[in-house]
Amino acid sequence: MEDTKDKIKSSLSHGDFQRGYQLILQLIKTNSTYSNYVFAERYCTAIAQNLNFRKLKVAILSSITIEPIISILHVKCCEQKINAEFFLGDYNIIDQYILDYDGELYRFKPDVLIIFLRAEERCPKLLNHYIELSKNEIEIQIQETIKEINNLLMIFKEKSNAKVILHNFEYPAYPVFGVYDSQILNGQKDNFEKLNHQLIEISHNFKDCFILDYELLISKYGKNNWFDSKLWYTSKGPISRIGFEALSNYYIRYFIPILGLTKKCIVVDLDNTLWGGIIGEDGIDGIIIGDSPKGSAYLDFQVELKKLYHKGIILAINSKNNQSDVMEVFEKKQNMKLKKENFACIKINWDDKAKNMFAISNELNIGLDSFVFFDDSPIERELIKQKIPDIKVIDIPENPFNYAQILRDLPDFEIISISEEDLKRGEMYYAQCQRKQLGESCGSLEDFYKSLQMKVKIFEDDNNVISRISQLTQKTNQFNLTTRRYSENEIANFITSSDYHVYSLSLFDKFGDNGLVGVVIVSNKNAHEWIIDEFLLSCRVIGRTVETAFFSYLIEKAKKSGIRKIIGEYIPTKKNACVRDLYKSYNFKFVKEENNITTWELFMTEAFIEFPEWISLINKNGD
Amino acid sequence: MDSKLKEILSNIFEVDISKINENFSRDRTDKWDSLNYIKLIITLEEEFNIVIDEEEMTTIKSYLDIKKVLQMKGIVFE
């Protein structure tokens, strides 16, 4: 520890603020003691200035002693790359600062004014003399309190453009009627709720006046844990040590959206992040979501992500996996809360994740500093931290039980006002990303084909593949020019007949053997002429230029066999529109159209189709 | 424990650790104000995992006072 502190001092004295900053973050992360905060705070201003953090002048007027908390708040601002400067009013003086037009508060020129109200000082009767008040008097107390605060805000806003963060009132932890208070409408707690409700109403009278739900904050930690009687009686600082940290974090949740530092996108990994297990190894039935204790934690994480999505935060995936494995999970896995459509950008490949982050940033057209990166692998996190320091990388524990809570505790997705567009952002980005991908895939199609490392093997009149050929003629609907269905017998007859040739094609790529996927049957009953009786391709391999390779091969074959003309037919069905213009694209001339059937012809003198350079032919017979 | 205490005092009151000795006291330390005094109490409680009550707080005016309070709570100084 002393080592770290010495290193911090030494880095900063040598002007290496970046390293000093990283060391301070590390010091606080490994041991967030008050003493370390006090130490770190001394260097915040120098670091923030040298590293050009966003400036924020914060004035706090409070009815309690808040100074001890500032050590922590200042460091937390620095953590968020905020260069905070503070003005703290004296204990329990609020109105005087606001009313004094030439006073310190206005000379400080705050960007943000925090007003920390307490019922003890602002409306003590409602708290401690409640039992003595008539219903009418209670109402008057509430109205007067609200009116006073409204006046203060009005005066302040006339003088200053600073944004205001106004604490609401803590409800009495021990209402005067005890448990009976919960039995009645208009009890003490009810009236505090009313008071807080009206605070929200008056906040709407002013531009940039935000309510801080202090009551909610305290209730999260428990009122008895929050209150420190010794500190209250000795220093008028009633907040305990846990409150120091919690209140600081809560202020940060306001500073971030006020400064426009809200992150726009969270990028998540999949295996052991969105679900338990590894899809590539454990398979769709092996991975866990919901049901088991761990599975439930992953499910809760997904639920939190979905909430972010609906709040307008963009979701994206950056994962090393096989695309098809993952798509199967999205389509078939039970309990998946998130759908493919919830992700505006999906990068599933074997590239390094930093490269993918740049791609995601490009596709979504948002800056790298708008990203949060959530990945269970410490190695990937380290890679992103080192390669793209602008991205906020979340450090997470190994087990998933706190994933959802970590997400909830992040201040980075806070928004302080909300528009319809915000809520739809996820959807909009998804659509935009789809279009962009389409465009981009055209530009880089060749690279994509090359990357597939495709090899084809073409068979001629081969008895070994009869059953598969027959099966393809029976099943194939889309890439099928004539949709003639043939039995195994019929295929066998074509093969033995000298009037027909049966060609078939099998495809291999870097992922393995796709099997027999293409069939062409030609008849050469007329001399020097081929009529294409059947031309089909399995839908699994459509869009990979395999048909071009196949046809290019056949034309060369035809030329060698002394064929002068090839005739093709297209018989339209409900499903084969995708090949309507196939012959045209191969330079066939239109001959006729009868009963919707079009006939095309190609003279060998004009026929040339280039064999795609990214496909290699591996025929044994050396054709 | 002695060096830990000295380190704390040095940190809170921004005094070089070599200057923290038996003579170190509120009256001789510029930065011993009410705020740093509260920071000191919070730090002592957290670092030594103890609770210092109101009466004990009022006795703390010097290095030796602190040592006495800590020793009363069973913290051993060699």
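## Chat notes: strands, domains and contacts of chain A

Mentor: Start with a hairpin-like question of pairing: strand 12 and strand 13 (residues 512-523) of chain A pair in the antiparallel sense, over ten bridges. Keep in mind that this is a predicted model.

Trainee: Which residue stands opposite D513(A) in strand 13 of chain A?

Mentor: F508(A) stands opposite D513(A).

Trainee: And what does strand 11 of chain A pair with?

Mentor: Strand 11 (residues 454-460) of chain A pairs with strand 12 of chain A. That pairing is antiparallel too, with six bridges. In it, V456(A) stands opposite L507(A) of strand 12.

Trainee: Is strand 12 of chain A mostly covered or mostly open?

Mentor: Mostly covered. Strand 12 spans residues 500-509 of chain A, and seven of its ten residues are buried.

Trainee: What holds paired strands together, in general?

Mentor: Backbone hydrogen bonds link the strands of a sheet, in parallel or antiparallel fashion.

Trainee: Switching sheets. What is the strand order in the open sheet of five strands in chain A?

Mentor: The order is 8-7-6-9-10, and the pairing is parallel.

Trainee: Which strands sit at the edges?

Mentor: Strand 8 (343-349) and strand 10 (392-393) of chain A. Each pairs on one side only.

Trainee: How many bridges join strand 9 of chain A to strand 10 of chain A?

Mentor: Two. Strand 9 covers residues 371-374 of chain A and runs parallel to strand 10. Across that pair, V372(A) stands opposite K392(A).

Trainee: Which strands does helix 18 of chain A touch?

Mentor: Helix 18 (residues 353-364) packs on the sheet and touches strand 6 (265-268), strand 7 (314-320), strand 8 and strand 9 of chain A. Its direction makes about 150° with that of strand 8.

Trainee: Zoom out. How many helices and strands does chain A have?

Mentor: 26 helices and 18 strands.

Trainee: Why is chain A called more spread out than a compact globule?

Mentor: Its radius of gyration is 36 Å, while the globule rule gives 25 Å for 623 residues, so chain A is more spread out than a compact globule. Its C-alpha atoms fill a box of roughly 115 × 60 × 45 Å along the principal axes.

Trainee: What share of the 623 residues count as buried?

Mentor: In chain A, 36% do. On contacts: among those between residues at least 6 apart in sequence, 69% join residues at least 24 apart.

Trainee: Okay, domains. Where are the bounds in chain A?

Mentor: Domain 1 is 1-52, domain 2 is 53-258, domain 3 is 265-443 and domain 4 is 449-617.

Trainee: How far apart are the C-alpha centres of domain 1 and domain 2 of chain A?

Mentor: They lie 31 Å apart. The contact takes 13 residues from domain 1 and nine residues from domain 2 of chain A.

Trainee: Which helix gives the most to the domain 1 side?

Mentor: Helix 3 of chain A, with nine residues. By class, that side of domain 1 has ten nonpolar, two polar and one charged residues.

Trainee: Last topic. How many residues does each chain put into the contact between chain A and chain B?

Mentor: 13 residues from chain A and 13 residues from chain B. On the chain A side, helix 3 (34-50), helix 4 (67-79) and helix 13 (229-235) each give two or more residues.

Trainee: What classes are the residues on that side of chain A?

Mentor: Five are nonpolar, five polar and three charged.

Key: Residues numbered from 1 in each chain as written. Chains lettered and ligands numbered in written order. Predicted model: local features only at pLDDT ≥ 70, side-chain atom pairs only at ≥ 80, totals over all residues. Pairing = 2+ DSSP bridges. Helix = DSSP H or I, 4+ residues; strand = E, 2+ residues; numbered from the N terminus. Contact = placed C-beta atoms within 7 Å. Axes fitted to C-alpha atoms, helices over the stretch in contact; angles between N-to-C directions. Nonpolar A, V, L, I, M, F, W, Y, C, P; charged D, E, K, R; others polar. Domains from an automatic or database assignment. Rg over C-alpha atoms; globule rule 2.2 N^0.38 Å. Buried ≥ 20, exposed ≤ 12 C-beta atoms within 10 Å, placed from the backbone.
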